[in-house]
Amino acid sequence: MLGIAAIAAFWAASFNAYTYLAPLLASAGLTGGAVTLVLFATGLAAVTGNLLGGRAADRALAPTLLATPPPGARDGHDTARPLPRRGLPARRPRRPSARLGYGAMRLTGQPGNFGSYADPAVGIALLRRAYDPGVRFVDTARAYGPGHDEELPARAFDPWPDDLLVATKVGIDKDAPTSIVSDGRPEALAAHVRESLERLRRDSLDLVYLHRPDPSVPLEESVGALHAMREQGLVPHVGLSNVNAAHVTALLPLGPVAAVQNRYSVVDRDDDALVDALAAAGVAYVPYGPLGANPLVQGAPLAADRTLRRAAARLDATASQVAIAWLLRSAPNVMPVPGTTSAAHLEENVAAAALAADPTAAAGLDALR
Ligand SMILES: NC(=O)c1ccc[n+]([C@@H]2O[C@H](COP(=O)([O-])OP(=O)(O)OC[C@H]3O[C@@H](n4cnc5c(N)ncnc54)[C@H](OP(=O)(O)O)[C@@H]3O)[C@@H](O)[C@H]2O)c1
(Lines give C-alpha, C1' and ligand atoms only; values in the text may rest on other atoms or scores of the structure.)
Protein backbone atom coordinates (compact mmCIF):
# COMPACT_ATOMS: atom_id res chain seq x y z
CA MET A 1 0.00 0.00 0.00
CA LEU A 2 2.88 2.33 0.83
CA GLY A 3 4.30 1.85 -2.63
CA ILE A 4 0.97 2.66 -4.26
CA ALA A 5 0.61 5.74 -2.05
CA ALA A 6 4.12 6.80 -3.05
CA ILE A 7 3.28 6.45 -6.72
CA ALA A 8 0.16 8.56 -6.23
CA ALA A 9 2.14 11.16 -4.28
CA PHE A 10 4.75 11.34 -6.97
CA TRP A 11 2.12 11.81 -9.63
CA ALA A 12 0.41 14.43 -7.52
CA ALA A 13 3.69 16.29 -7.28
CA SER A 14 4.01 16.32 -11.03
CA PHE A 15 2.79 19.51 -12.50
CA ASN A 16 2.31 18.51 -16.08
CA ALA A 17 -0.78 16.33 -15.82
CA TYR A 18 -2.95 18.66 -17.85
CA THR A 19 -0.40 19.01 -20.62
CA TYR A 20 -0.13 15.30 -21.09
CA LEU A 21 -3.62 14.20 -20.33
CA ALA A 22 -5.43 16.75 -22.44
CA PRO A 23 -4.34 15.16 -25.73
CA LEU A 24 -5.12 11.72 -24.35
CA LEU A 25 -8.58 12.66 -23.24
CA ALA A 26 -9.16 14.73 -26.33
CA SER A 27 -8.32 11.71 -28.43
CA ALA A 28 -11.04 9.90 -26.51
CA GLY A 29 -13.55 12.52 -27.57
CA LEU A 30 -13.36 14.96 -24.65
CA THR A 31 -12.34 18.50 -25.49
CA GLY A 32 -11.85 21.93 -23.96
CA GLY A 33 -13.95 22.51 -20.88
CA ALA A 34 -14.88 18.87 -20.70
CA VAL A 35 -11.21 17.93 -20.40
CA THR A 36 -10.70 20.49 -17.66
CA LEU A 37 -13.79 19.33 -15.86
CA VAL A 38 -12.80 15.71 -16.06
CA LEU A 39 -9.27 16.45 -14.89
CA PHE A 40 -10.44 18.33 -11.85
CA ALA A 41 -13.52 16.28 -11.13
CA THR A 42 -11.61 13.03 -11.06
CA GLY A 43 -8.62 14.25 -9.15
CA LEU A 44 -6.36 13.79 -12.09
CA ALA A 45 -3.89 16.22 -10.63
CA ALA A 46 -2.56 12.96 -9.28
CA VAL A 47 -1.97 11.73 -12.78
CA THR A 48 1.33 12.55 -14.27
CA GLY A 49 3.02 12.88 -17.56
CA ASN A 50 5.99 11.11 -16.05
CA LEU A 51 4.58 7.74 -16.99
CA LEU A 52 3.06 9.00 -20.20
CA GLY A 53 6.30 10.68 -21.07
CA GLY A 54 8.19 13.90 -21.13
CA ARG A 55 8.24 14.31 -24.89
CA ALA A 56 5.64 13.83 -27.57
CA ALA A 57 7.29 10.62 -28.74
CA ASP A 58 7.36 9.29 -25.21
CA ARG A 59 3.68 9.93 -24.71
CA ALA A 60 2.51 8.43 -27.92
CA LEU A 61 2.34 4.80 -26.96
CA ALA A 62 -0.18 4.77 -24.15
CA PRO A 63 -2.79 6.70 -26.13
CA THR A 64 -2.05 4.52 -29.13
CA LEU A 65 -2.34 1.34 -27.18
CA LEU A 66 -5.28 2.39 -25.12
CA ALA A 67 -7.39 4.47 -27.44
CA THR A 68 -6.93 3.49 -31.03
CA PRO A 69 -9.48 1.06 -32.40
CA PRO A 70 -7.86 -1.27 -34.88
CA PRO A 71 -8.68 -0.17 -38.41
CA GLY A 72 -11.05 -2.57 -40.06
CA ALA A 73 -11.75 -4.44 -36.87
CA ARG A 74 -15.22 -5.87 -36.79
CA ASP A 75 -16.07 -4.52 -33.40
CA GLY A 76 -19.22 -2.58 -34.00
CA HIS A 77 -20.65 -4.48 -31.05
CA ASP A 78 -17.81 -3.09 -29.02
CA THR A 79 -19.84 -0.05 -28.18
CA ALA A 80 -18.69 2.46 -25.63
CA ARG A 81 -19.74 1.51 -22.16
CA PRO A 82 -18.06 2.19 -18.90
CA LEU A 83 -15.52 -0.28 -17.63
CA PRO A 84 -15.76 0.88 -14.05
CA ARG A 85 -14.21 -0.59 -10.99
CA ARG A 86 -12.50 0.28 -7.74
CA GLY A 87 -12.10 4.03 -7.77
CA LEU A 88 -11.36 4.55 -11.44
CA PRO A 89 -11.57 8.06 -12.78
CA ALA A 90 -14.60 8.70 -14.93
CA ARG A 91 -12.83 8.40 -18.22
CA ARG A 92 -14.18 7.38 -21.54
CA PRO A 93 -13.91 3.64 -22.00
CA ARG A 94 -11.43 2.05 -24.34
CA ARG A 95 -12.60 -0.50 -26.81
CA PRO A 96 -11.85 -3.96 -25.46
CA SER A 97 -10.84 -5.39 -28.81
CA ALA A 98 -8.25 -2.65 -29.28
CA ARG A 99 -6.65 -3.76 -26.03
CA LEU A 100 -6.31 -7.45 -26.82
CA GLY A 101 -2.84 -8.42 -27.97
CA TYR A 102 -1.16 -11.68 -28.88
CA GLY A 103 1.53 -13.29 -26.75
CA ALA A 104 3.96 -14.97 -29.12
CA MET A 105 6.09 -16.77 -26.53
CA ARG A 106 4.66 -20.20 -27.35
CA LEU A 107 5.76 -19.95 -31.00
CA THR A 108 9.09 -21.45 -29.93
CA GLY A 109 10.46 -24.93 -29.33
CA GLN A 110 8.78 -26.86 -26.54
CA PRO A 111 9.18 -27.60 -23.73
CA GLY A 112 10.55 -24.45 -22.14
CA ASN A 113 10.07 -22.00 -25.06
CA PHE A 114 13.53 -23.03 -26.21
CA GLY A 115 14.69 -23.31 -29.81
CA SER A 116 12.77 -22.52 -32.95
CA TYR A 117 9.09 -23.31 -33.39
CA ALA A 118 8.50 -26.77 -34.82
CA ASP A 119 6.57 -25.50 -37.84
CA PRO A 120 7.52 -21.89 -38.61
CA ALA A 121 5.08 -21.67 -41.54
CA VAL A 122 2.20 -22.50 -39.17
CA GLY A 123 3.46 -19.93 -36.67
CA ILE A 124 3.68 -17.28 -39.37
CA ALA A 125 0.14 -18.09 -40.51
CA LEU A 126 -1.09 -17.83 -36.92
CA LEU A 127 0.49 -14.40 -36.44
CA ARG A 128 -1.16 -13.17 -39.63
CA ARG A 129 -4.41 -14.72 -38.53
CA ALA A 130 -4.21 -12.73 -35.30
CA TYR A 131 -3.74 -9.48 -37.23
CA ASP A 132 -6.73 -10.08 -39.51
CA PRO A 133 -9.51 -9.82 -36.89
CA GLY A 134 -7.89 -6.81 -35.27
CA VAL A 135 -5.04 -7.79 -32.93
CA ARG A 136 -2.68 -4.86 -33.18
CA PHE A 137 0.15 -5.66 -30.84
CA VAL A 138 2.44 -8.62 -30.45
CA ASP A 139 4.34 -9.43 -27.30
CA THR A 140 7.68 -11.20 -27.61
CA ALA A 141 11.09 -11.25 -25.90
CA ARG A 142 14.74 -11.91 -26.53
CA ALA A 143 14.53 -14.80 -24.07
CA TYR A 144 11.89 -16.70 -26.05
CA GLY A 145 13.75 -19.12 -28.26
CA PRO A 146 16.04 -17.27 -27.41
CA GLY A 147 15.73 -14.91 -30.33
CA HIS A 148 13.64 -17.21 -32.51
CA ASP A 149 10.44 -15.68 -31.23
CA GLU A 150 11.48 -12.25 -32.53
CA GLU A 151 12.41 -13.64 -35.94
CA LEU A 152 9.00 -15.17 -36.61
CA PRO A 153 6.94 -11.93 -36.44
CA ALA A 154 9.54 -10.27 -38.68
CA ARG A 155 8.95 -13.03 -41.23
CA ALA A 156 5.17 -12.90 -40.80
CA PHE A 157 4.93 -9.15 -41.30
CA ASP A 158 7.19 -8.01 -44.10
CA PRO A 159 6.65 -5.17 -44.62
CA TRP A 160 5.63 -4.48 -41.06
CA PRO A 161 2.14 -2.86 -40.92
CA ASP A 162 2.19 0.70 -39.60
CA ASP A 163 -0.62 -0.06 -37.18
CA LEU A 164 0.97 -3.13 -35.60
CA LEU A 165 2.92 -2.54 -32.40
CA VAL A 166 5.63 -4.87 -31.23
CA ALA A 167 6.80 -5.13 -27.66
CA THR A 168 9.91 -7.06 -26.75
CA LYS A 169 11.91 -7.60 -23.59
CA VAL A 170 15.62 -7.56 -22.89
CA GLY A 171 17.79 -8.51 -19.95
CA ILE A 172 17.57 -12.31 -19.92
CA ASP A 173 19.90 -14.92 -21.37
CA LYS A 174 18.73 -18.44 -21.87
CA ASP A 175 20.89 -21.44 -22.76
CA ALA A 176 18.59 -24.31 -21.85
CA PRO A 177 14.81 -24.87 -21.63
CA THR A 178 14.66 -24.19 -17.90
CA SER A 179 17.62 -21.81 -17.61
CA ILE A 180 16.69 -18.16 -17.15
CA VAL A 181 19.68 -15.94 -16.39
CA SER A 182 19.17 -12.23 -15.77
CA ASP A 183 21.68 -9.86 -17.30
CA GLY A 184 20.71 -6.28 -16.58
CA ARG A 185 24.13 -4.71 -17.09
CA PRO A 186 23.81 -1.57 -19.22
CA GLU A 187 26.26 -2.86 -21.83
CA ALA A 188 24.38 -6.16 -22.06
CA LEU A 189 21.05 -4.39 -22.48
CA ALA A 190 22.50 -2.22 -25.25
CA ALA A 191 23.68 -5.37 -27.04
CA HIS A 192 20.29 -7.05 -26.50
CA VAL A 193 18.45 -4.09 -28.03
CA ARG A 194 20.76 -4.07 -31.06
CA GLU A 195 20.14 -7.78 -31.56
CA SER A 196 16.37 -7.39 -31.18
CA LEU A 197 16.36 -4.59 -33.75
CA GLU A 198 18.14 -6.89 -36.18
CA ARG A 199 15.93 -9.88 -35.55
CA LEU A 200 12.73 -7.86 -35.80
CA ARG A 201 14.13 -6.00 -38.82
CA ARG A 202 13.10 -2.68 -37.37
CA ASP A 203 14.80 0.70 -37.08
CA SER A 204 13.24 1.14 -33.68
CA LEU A 205 11.17 -1.02 -31.36
CA ASP A 206 7.79 0.26 -30.19
CA LEU A 207 8.18 -0.84 -26.60
CA VAL A 208 11.08 -2.52 -24.81
CA TYR A 209 10.69 -3.89 -21.31
CA LEU A 210 13.37 -4.79 -18.85
CA HIS A 211 12.29 -8.43 -18.63
CA ARG A 212 12.97 -8.64 -14.92
CA PRO A 213 15.23 -6.96 -12.38
CA ASP A 214 18.74 -8.44 -12.25
CA PRO A 215 19.58 -8.86 -8.55
CA SER A 216 23.29 -8.32 -9.26
CA VAL A 217 22.79 -4.92 -10.96
CA PRO A 218 21.14 -1.88 -9.35
CA LEU A 219 17.74 -1.62 -10.99
CA GLU A 220 18.25 2.09 -11.64
CA GLU A 221 21.32 1.24 -13.75
CA SER A 222 19.42 -1.23 -15.91
CA VAL A 223 16.43 1.02 -16.44
CA GLY A 224 18.70 4.05 -16.85
CA ALA A 225 20.36 2.24 -19.75
CA LEU A 226 16.97 1.74 -21.44
CA HIS A 227 16.20 5.42 -20.99
CA ALA A 228 19.55 6.32 -22.53
CA MET A 229 18.55 4.26 -25.57
CA ARG A 230 15.15 5.93 -25.52
CA GLU A 231 16.84 9.28 -25.74
CA GLN A 232 18.81 8.01 -28.74
CA GLY A 233 15.52 7.03 -30.42
CA LEU A 234 16.25 3.29 -30.43
CA VAL A 235 13.64 2.49 -27.82
CA PRO A 236 10.76 4.94 -28.08
CA HIS A 237 9.00 3.47 -25.06
CA VAL A 238 10.37 1.84 -21.96
CA GLY A 239 8.47 -0.85 -20.07
CA LEU A 240 9.01 -2.72 -16.81
CA SER A 241 8.24 -6.37 -16.27
CA ASN A 242 8.09 -8.45 -13.11
CA VAL A 243 8.19 -5.39 -10.89
CA ASN A 244 6.25 -4.29 -7.83
CA ALA A 245 4.90 -0.93 -6.76
CA ALA A 246 8.09 -0.08 -4.86
CA HIS A 247 10.15 -0.70 -8.00
CA VAL A 248 7.84 1.53 -10.04
CA THR A 249 8.05 4.28 -7.44
CA ALA A 250 11.83 4.11 -7.33
CA LEU A 251 12.12 4.15 -11.12
CA LEU A 252 9.72 6.97 -11.92
CA PRO A 253 12.29 9.74 -11.52
CA LEU A 254 14.47 8.14 -14.19
CA GLY A 255 12.05 8.73 -17.03
CA PRO A 256 8.69 7.81 -18.56
CA VAL A 257 7.41 4.28 -18.32
CA ALA A 258 4.86 3.34 -20.96
CA ALA A 259 3.77 -0.06 -19.69
CA VAL A 260 4.13 -2.52 -16.85
CA GLN A 261 3.90 -6.25 -17.55
CA ASN A 262 3.32 -8.63 -14.66
CA ARG A 263 1.55 -11.86 -13.95
CA TYR A 264 -2.12 -11.07 -13.33
CA SER A 265 -5.43 -12.78 -13.93
CA VAL A 266 -8.79 -13.37 -12.32
CA VAL A 267 -7.01 -15.72 -9.91
CA ASP A 268 -3.63 -13.89 -9.66
CA ARG A 269 -4.66 -10.67 -7.96
CA ASP A 270 -1.52 -9.37 -6.24
CA ASP A 271 -1.43 -6.37 -8.57
CA ASP A 272 -5.00 -5.14 -8.03
CA ALA A 273 -3.86 -1.86 -6.48
CA LEU A 274 -1.00 -1.38 -8.92
CA VAL A 275 -3.35 -1.88 -11.88
CA ASP A 276 -5.60 0.85 -10.54
CA ALA A 277 -2.72 3.23 -9.85
CA LEU A 278 -1.40 2.76 -13.37
CA ALA A 279 -4.92 3.08 -14.81
CA ALA A 280 -5.24 6.44 -13.13
CA ALA A 281 -2.02 7.48 -14.86
CA GLY A 282 -3.08 6.15 -18.26
CA VAL A 283 -0.21 3.68 -18.27
CA ALA A 284 -0.74 0.36 -19.99
CA TYR A 285 -0.78 -2.72 -17.77
CA VAL A 286 -0.09 -5.92 -19.69
CA PRO A 287 -1.04 -9.00 -17.68
CA TYR A 288 0.80 -12.14 -18.65
CA GLY A 289 -0.51 -15.61 -17.92
CA PRO A 290 -4.10 -14.42 -18.50
CA LEU A 291 -5.20 -18.05 -18.58
CA GLY A 292 -3.16 -18.94 -15.52
CA ALA A 293 -0.51 -20.86 -17.46
CA ASN A 294 2.90 -21.80 -16.17
CA PRO A 295 5.18 -20.09 -18.74
CA LEU A 296 7.27 -23.24 -19.15
CA VAL A 297 4.38 -25.69 -19.37
CA GLN A 298 1.70 -26.06 -22.03
CA GLY A 299 -1.93 -25.70 -21.07
CA ALA A 300 -4.32 -23.17 -19.58
CA PRO A 301 -5.44 -24.00 -16.02
CA LEU A 302 -8.20 -21.39 -16.14
CA ALA A 303 -9.79 -23.12 -19.13
CA ALA A 304 -10.75 -25.88 -16.70
CA ASP A 305 -11.49 -23.71 -13.68
CA ARG A 306 -14.86 -24.72 -12.23
CA THR A 307 -15.96 -21.23 -11.18
CA LEU A 308 -15.12 -19.82 -14.57
CA ARG A 309 -16.83 -22.70 -16.32
CA ARG A 310 -20.02 -22.09 -14.37
CA ALA A 311 -19.89 -18.38 -15.23
CA ALA A 312 -19.10 -19.26 -18.84
CA ALA A 313 -22.10 -21.58 -19.10
CA ARG A 314 -24.38 -18.74 -18.02
CA LEU A 315 -22.79 -16.41 -20.58
CA ASP A 316 -22.77 -18.87 -23.43
CA ALA A 317 -18.99 -18.61 -23.55
CA THR A 318 -15.93 -20.65 -22.63
CA ALA A 319 -13.97 -20.39 -19.38
CA SER A 320 -10.97 -18.99 -21.29
CA GLN A 321 -13.14 -16.27 -22.78
CA VAL A 322 -14.47 -15.38 -19.34
CA ALA A 323 -10.89 -15.12 -18.00
CA ILE A 324 -9.84 -12.82 -20.85
CA ALA A 325 -13.05 -10.78 -20.81
CA TRP A 326 -12.69 -10.30 -17.06
CA LEU A 327 -9.25 -8.78 -17.61
CA LEU A 328 -10.52 -6.50 -20.36
CA ARG A 329 -13.27 -5.28 -18.06
CA SER A 330 -11.07 -4.99 -15.00
CA ALA A 331 -9.59 -1.60 -15.93
CA PRO A 332 -9.30 0.45 -19.12
CA ASN A 333 -5.51 0.21 -19.22
CA VAL A 334 -5.38 -3.58 -19.08
CA MET A 335 -4.11 -5.16 -22.28
CA PRO A 336 -3.97 -8.95 -22.06
CA VAL A 337 -1.66 -10.95 -24.31
CA PRO A 338 -3.03 -14.49 -24.29
CA GLY A 339 -0.69 -16.91 -25.98
CA THR A 340 -1.72 -19.77 -28.18
CA THR A 341 -0.42 -22.03 -30.92
CA SER A 342 -3.93 -23.02 -31.99
CA ALA A 343 -6.02 -21.22 -34.59
CA ALA A 344 -9.21 -22.34 -32.83
CA HIS A 345 -7.99 -20.97 -29.50
CA LEU A 346 -6.93 -17.75 -31.18
CA GLU A 347 -10.41 -17.29 -32.60
CA GLU A 348 -11.93 -18.09 -29.22
CA ASN A 349 -9.65 -15.66 -27.41
CA VAL A 350 -10.23 -12.80 -29.84
CA ALA A 351 -13.98 -13.31 -29.47
CA ALA A 352 -13.59 -12.68 -25.73
CA ALA A 353 -13.36 -8.95 -26.52
CA ALA A 354 -16.96 -9.04 -27.68
CA LEU A 355 -17.94 -10.75 -24.44
CA ALA A 356 -16.19 -8.03 -22.44
CA ALA A 357 -18.23 -5.40 -24.27
CA ASP A 358 -21.56 -7.24 -24.04
CA PRO A 359 -23.86 -5.45 -21.58
CA THR A 360 -25.67 -8.65 -20.66
CA ALA A 361 -22.39 -10.43 -19.87
CA ALA A 362 -21.08 -7.54 -17.78
CA ALA A 363 -22.80 -8.43 -14.53
CA GLY A 364 -21.61 -12.02 -14.72
CA LEU A 365 -18.03 -10.90 -15.29
CA ASP A 366 -18.16 -8.26 -12.59
CA ALA A 367 -19.46 -10.84 -10.13
CA LEU A 368 -16.10 -12.61 -10.39
CA ARG A 369 -14.30 -9.76 -8.64
N1 LIG B 1 6.96 -10.81 -18.76
C2 LIG B 1 7.09 -12.07 -18.46
O3 LIG B 1 7.90 -12.47 -17.60
C4 LIG B 1 6.22 -13.08 -19.14
C5 LIG B 1 6.12 -14.39 -18.66
C6 LIG B 1 5.29 -15.28 -19.32
C7 LIG B 1 4.58 -14.87 -20.45
N8 LIG B 1 4.70 -13.61 -20.91
C9 LIG B 1 3.94 -13.14 -22.09
O10 LIG B 1 2.57 -13.42 -21.88
C11 LIG B 1 2.05 -14.19 -22.96
C12 LIG B 1 0.97 -15.11 -22.45
O13 LIG B 1 1.48 -15.93 -21.42
P14 LIG B 1 1.37 -17.52 -21.43
O15 LIG B 1 1.39 -18.04 -22.83
O16 LIG B 1 2.37 -18.05 -20.48
O17 LIG B 1 0.01 -17.79 -20.73
P18 LIG B 1 -1.51 -17.91 -21.09
O19 LIG B 1 -1.87 -17.00 -22.20
O20 LIG B 1 -2.20 -17.80 -19.80
O21 LIG B 1 -1.69 -19.42 -21.57
C22 LIG B 1 -1.16 -19.97 -22.73
C23 LIG B 1 -1.49 -21.45 -22.72
O24 LIG B 1 -2.91 -21.59 -22.72
C25 LIG B 1 -3.33 -22.36 -23.83
N26 LIG B 1 -4.52 -21.69 -24.40
C27 LIG B 1 -4.57 -20.48 -25.00
N28 LIG B 1 -5.83 -20.17 -25.35
C29 LIG B 1 -6.60 -21.21 -24.94
C30 LIG B 1 -7.97 -21.48 -25.00
N31 LIG B 1 -8.83 -20.63 -25.57
N32 LIG B 1 -8.44 -22.65 -24.49
C33 LIG B 1 -7.59 -23.51 -23.89
N34 LIG B 1 -6.25 -23.34 -23.81
C35 LIG B 1 -5.77 -22.18 -24.33
C36 LIG B 1 -2.20 -22.38 -24.80
O37 LIG B 1 -2.17 -23.64 -25.44
P38 LIG B 1 -2.45 -23.75 -27.03
O39 LIG B 1 -1.20 -23.34 -27.69
O40 LIG B 1 -2.79 -25.18 -27.20
O41 LIG B 1 -3.60 -22.85 -27.34
C42 LIG B 1 -0.97 -22.17 -23.93
O43 LIG B 1 -0.41 -23.40 -23.50
C44 LIG B 1 3.26 -14.89 -23.55
O45 LIG B 1 3.07 -15.24 -24.89
C46 LIG B 1 4.33 -13.86 -23.37
O47 LIG B 1 4.30 -12.97 -24.47
C48 LIG B 1 5.49 -12.71 -20.27
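Two strands count as paired if DSSP finds at least two bridges between them. Keep that idea handy, because strand pairing with at least two bridges is what the sheet in this predicted model is built on. Take one example to start: Val138 stands opposite Val166 in β3. Overall, the chain has 16 helices and 9 strands, and buried residues make up 50% of its 369 residues.

**The sheet as a whole**

- Seven strands line up in an open sheet, in the order β1-β2-β3-β6-β7-β8-β9, with parallel pairing.
- Which strands stand at the edges? They are β1 (102-103) and β9 (284-288); each has a single partner strand, so one side of each is left without a neighbour in the sheet.
- Back to our opening pair: strand β2 (residues 137-139) runs parallel to β3, and 3 bridges join them.

**Walking from β6 to β7**

- Strand β6 (residues 207-210) is joined to β7 by 3 bridges, and the two run parallel.
- One pair to look for is Tyr209, whose bridge partner in β7 is Gly239.
- To get from β6 to β7, the chain goes through helix α10 (residues 219-231), and this β-α-β crossover is right-handed.
- Now look at the side chains: in a regular strand they alternate between the two faces of the sheet.
- You can see this in β7, where Val238 and Leu240 point one way while Gly239 and Ser241 point the other way. Are these residues buried or exposed? All of them are buried.

**On to β8**

- Strand β7 (residues 238-241) and β8 run parallel, with 3 bridges between them.
- Two pairs mark this join: Leu240 has Val260 as its bridge partner in β8, and Gly239 stands opposite Ala259 in β8.
- The chain passes from β7 through helix α11 (residues 245-251) to β8, in a right-handed β-α-β crossover.
- Why is strand β8 (residues 259-263) described as largely enclosed by the rest of the structure? It is because 4 of its 5 residues are buried.

**And out to β9**

- β8 and β9 are joined by 5 bridges and run parallel.
- Val260 turns up again here, with Tyr285 as its bridge partner in β9.
- The route from β8 to β9 goes through helix α12 (residues 272-280), and this β-α-β crossover is right-handed.
- Helix α12 is mostly covered, with 7 of its 9 residues buried. Among them are Leu274, Val275 and Leu278.
- After α12 comes Gly282, which has a positive phi, near 70 degrees.

**Two residues to compare**

- Val170 sits in strand β3 (residues 165-170). It has 28 other C-beta atoms within 10 Å, so it is buried; the cut-off for that is 20 or more.
- What does Val170 touch, leaving out residues up to four places away in sequence? Its contacts are Arg142, Leu189, His192, Val193, Ser196, Val208, Leu210 and His211.
- Leu210 is 40 residues from Val170 along the chain, yet their C-alpha atoms are separated by 5.4 Å.
- Leu296 lies in the loop between β9 and α13 (306-315). It has 13 C-beta neighbours inside 10 Å, so it counts as partly exposed.
- Leaving aside neighbours within four places in sequence, Leu296 is in contact with Pro111, Gly112, Asn113 and Thr178.
- Thr178 is 118 residues from Leu296 along the chain, and the C-alpha atoms of the two are separated by 7.6 Å.
- Links like these fit a wider pattern: of the contacts between residues at least 6 apart in sequence, 74% join residues at least 24 apart.

**The nonpolar core**

- The largest nonpolar core has 83 residues, and Val322 and Ala325 touch the most other members.
- Helix α14 (residues 319-330) supplies the largest share of this core, 8 residues.
- Not counting residues up to four places away in sequence, Val322 touches Leu308, Ala311, Ala312, Leu315, Ala317 and Leu365.

**Around the ligand**

- How many residues surround the ligand? There are 29, and the closest are Gly103, Met105, Leu291, Ala300 and Gly339.
- The shell divides into 11 nonpolar, 15 polar and 3 charged residues.
- Helix α15 (residues 343-357) gives the most to this shell, with 3 residues.

Conventions
Residues numbered from 1 in each chain as written. Predicted model: local features only at pLDDT ≥ 70, side-chain atom pairs only at ≥ 80, totals over all residues. Near = placed C-beta within 6 Å. Nonpolar A, V, L, I, M, F, W, Y, C, P; charged D, E, K, R; others polar. Core = buried A, V, L, I, M, F, W, Y, C linked by C-beta atoms within 7 Å. Buried ≥ 20, exposed ≤ 12 C-beta atoms within 10 Å, placed from the backbone. Contact = placed C-beta atoms within 7 Å. Right-handed = clockwise from strand over helix to strand, strands pointing away.
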